[in-house]
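Student: Before we begin, I should like to examine how the terms used for a structure are justified. May we look at it together?

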Amino acid sequence: MIQALRGMKDIFSPESERFVYIIDTASKIARRYGYRYIETPLLEETALFKRSVGESSDIVGKEMYQFIDKGGHDVCLRPEGTAGAVRAFIQNKMDRKGGVHRFYYHGPMFRYERPQKGRLREFHQFGCESFGLESVYEDFTIILMIKDIFDTLGIDYTIKINSLGCPECMPDYKESLITHLNDIRDGLCEDCQRRTETNPIRVLDCKVQECQAMLQNSPVIVENLCKACDSDFKRLQSLLTSHSIKYELDSKLVRGLDYYTKTAFEFVSGEVGAQNAIAGGGRYDRLVEFLGGKPTPAIGFALGIERIMELVKLPESEREGIYLGVMEEEAIDKILKIAHRKRATERVYVEYSKRSLKAHLKAADRVGARFCAVIGEDELKNSQIWLKDLQTKEERRVGIEEF
Ligand code: HAM
């Protein structure tokens, strides 16, 4: 028996109903906030992810589905959606046009991680990317939009925010952090000793308890921001407060991707286990320029659909649609015609083989239809159809035309 690969899942009904419901809800809300759909390839040049997500990140360092294709190109299944959106933005010369461009997307992402609850190797994200606005009001609006999505889905969450500074303030901060990390080097895990050289701020969110204990007196990013970053971060907080949006400051929130500047945020849930981030994102004002485009500020986020599926409760499904069946072989032609017309507005189930009325009623109930409509011998003679409303239990005969 050939099985799906480890960390990859089939999603079918009833789970797929929740999958579609999440994407539909998020898409509808994103469109109201001015976002348009973008579709980018699943496969991109490996260099794109190395340069954007960052060579020192775990994603690029350990988790890429990378291979050489038949033409000898070094390619990679996308581990996330931002890099492809930025590449598309530049390649289609939108950076030269100026103005504001907002995109949303959804689809599979691939990371060769160790599978566990809430952590898959193929998973699905819904994401948004907004290009062209430096204003902190866009940071606020994007957080508000994610809040709208989760509130509509009926999910509880905690919002965590941090600022990761900019090229003005980050170099000085990094230097003082490295000095501190070198002082406590012997107490840090092997990974953190390596990160001190490759990507020091990633030491801050190390999950090893001993490291966290050692880090208690390490310098805090938001206490070392330049004037502009500090004032934007304070403004963001005052906006959230004045809109009664609860949030937590998390000075250890550094995100696992290297492209972030200034605002970074995560939405976490207490109900999904250790992998508790249900959405994450932030500003990446340098990435467009870094990938060869005209300098363009940008901000975005992505939410993890499988993690959210664990939390969403669909409204109790009501009976829906019409089940059509025959008790006489000759009536099938009529039923097929009725089905075709009814499908313009209704969900229709057709049973092709002739059966007893009892068998039809049972089948209609099983598929969750609201109505069971059957043509038998008498109905065939009189151009009628027998109809039962499975919710109210009402039964009657009606003319086919009327039906
Ligand atoms: P990320 O935090 O790596 O950010 O992923 C976003 C969300 O995807 C996570 O919060 C989580 O819900 C889900 N996720 C990540 N990895 C897995 C996994 N292995 N299994 C299941 N779910 C997972 C990004 O990907 C950025 N591109 C977000 C962004 C967009 N930043 C700016 N624009």
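Student: What makes up the shell around the ligand, by class of residue?

Tutor: In this predicted model, the shell has 11 nonpolar, 8 polar and 7 charged residues. Glycine is counted as polar in this scheme.

Student: Which strands supply at least two residues of that shell each?

Tutor: They are β6 (122-131), β10 (277-283) and β11 (298-304). The largest share, 6 residues, comes from β10.

Student: What makes the approach of E129 to the ligand a polar contact?

Tutor: The cut-off for a pair of N or O atoms is 3.5 Å. An N or O atom in the side chain of E129 is 2.8 Å from a nitrogen atom of the ligand, so the pair meets the definition. A polar backbone atom of A277 likewise lies 2.8 Å from an oxygen atom of the ligand. The protein buries 96% of the 660 Å² that the ligand exposes when taken alone.

Student: Why are β15 and β16 called paired strands?

Tutor: Pairing requires at least two bridges. Strand β15 (residues 384-389) is joined to β16 by 5 bridges, therefore the two count as paired. They run antiparallel, and W386 stands opposite R397 in β16.

Student: Why are β13 and β16 said to stand at the edges of the sheet?

Tutor: The open sheet has the order β13-β12-β14-β15-β16, with mixed pairing. Both β13 (348-350) and β16 (395-399) have a single partner strand, so one side of each lacks a neighbour in the sheet.

How values were computed:
Residues numbered from 1 in each chain as written. Predicted model: local features only at pLDDT ≥ 70, side-chain atom pairs only at ≥ 80, totals over all residues. Heavy atoms only, no water. Helix = DSSP H or I, 4+ residues; strand = E, 2+ residues; numbered from the N terminus. Polar contact = N/O pair within 3.5 Å; in protein donor to acceptor, adjacent residues only side chain to side chain. Areas by Shrake-Rupley, 256 points an atom, 1.4 Å probe, with all protein chains shown as cover.
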